[in-house]
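Student: I'd like to learn how to read a fold like this one. Can you walk me through it, starting with a pair of strands?

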Amino acid sequence: MKDLLLVTDLDHTLVGDRPALARLNKTLETLRSRIALVYATGRSLAGARQLQQEEHLLEPDGWATGVGSTLLWRGQPDPLWDTMLGKHWHRPALKALLSHWSDLAMQPASEQTPYKLSYELTRPRQGKEAREFENHLRACLGQAGLQAQVVFSSGCQLDLLPPAAGKGPVTAHLQQKLGLRPDQVLCCGDSGNDRSMLAGPWWGLMVSNARPELVDWWQQARPDTLVRSHHPYAGAISHGLETLPLL
Ligand SMILES: [Mg+2]
């Protein structure tokens, strides 16, 4: 039985300050039997494992990769999670629909998974143009009677995910799987794709180096379980473990 589910984003949250990460790793190693550690990232599993090697990340209990579209729990797929993802998810139909879009190029096979369809825009779009593109895409999906989450990032990357996917939903699934209360869960992140897990009914922690889109959202929503840390990267997680009523 674990006392805490710790779900953390990788790039610019856990990773970014090597001395702070080394200190956090030491703390986590001493608490290892009490903490279920999960890495939640936009990266593919291969990309995340490569980062693990480069940055000496601890072996986690779970890998939630592809923006919460794939879950590997203690080395095994989670059949219940896959069943949830499969609801209202018609990948071949989505792929066929978007094959007619000349400004979308499919990302390499290494970035595709059964529950994620990933493209690159041949012409990057920012700001208003990006929002218009996203709205047009959503309207086309709606007309075709297809459901998917549209995740648009850095102006040029586009991921389509099952309606049930995401870092927040995968956290909720793991909380239930482990039989923990919301106040036994801590999620940490820095950017827009961390929002769904930082908005959950559990503890959330935003690193001080969070991206503007996340800070803008926080300033409007201000969930009272979300802490905006004064510390960057892994230092924020260490400080959260020391100061929040978690363990
Ligand atoms: Mg990040």
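Tutor: Sure, and keep in mind that this is a predicted model. Start with one bridge: Leu 205 has Val 227 in β12 as its bridge partner.

Student: How many bridges join β11 to β12, and do the two run parallel or antiparallel?

Tutor: The general idea is that strands of a sheet pair through backbone hydrogen bonds, either parallel or antiparallel. Here β11 (residues 203-206) and β12 run parallel, with three bridges joining them.

Student: What is the strand order of the whole sheet?

Tutor: Reading across, you get β5-β4-β3-β2-β1-β10-β11-β12, an open sheet of eight strands with mixed pairing. At the edges stand β5 (76-77) and β12 (226-228); each has a single partner strand, so one side of each lacks a neighbour in the sheet.

Student: On to helices. Which residues of α6 are buried?

Tutor: As background, an α-helix has 3.6 residues a turn, so residues three or four places apart point the same way. In α6 the buried residues include Val 170, His 173, Leu 174 and Gln 175. The helix covers residues 167-178 and spans 16 Å between its first and last C-alpha, close to the 16 Å expected at 1.5 Å a residue. Right after α6 comes Gly 179, with a positive phi near 65°.

Student: And which domains does the chain have?

Tutor: The assignment gives domain 1 (4-83 + 165-243) and domain 2 (88-161). Their C-alpha centres are 25 Å apart. Nine residues of domain 1 contact 10 of domain 2, and the domain 1 side of that contact has three nonpolar, six polar and no charged residues.

Definitions and conventions:
Residues numbered from 1 in each chain as written. Predicted model: local features only at pLDDT ≥ 70, side-chain atom pairs only at ≥ 80, totals over all residues. Pairing = 2+ DSSP bridges. Helix = DSSP H or I, 4+ residues; strand = E, 2+ residues; numbered from the N terminus. Domains from an automatic or database assignment. Contact = placed C-beta atoms within 7 Å. Nonpolar A, V, L, I, M, F, W, Y, C, P; charged D, E, K, R; others polar. Expected span 1.5 Å × (residues − 1). Buried ≥ 20, exposed ≤ 12 C-beta atoms within 10 Å, placed from the backbone.
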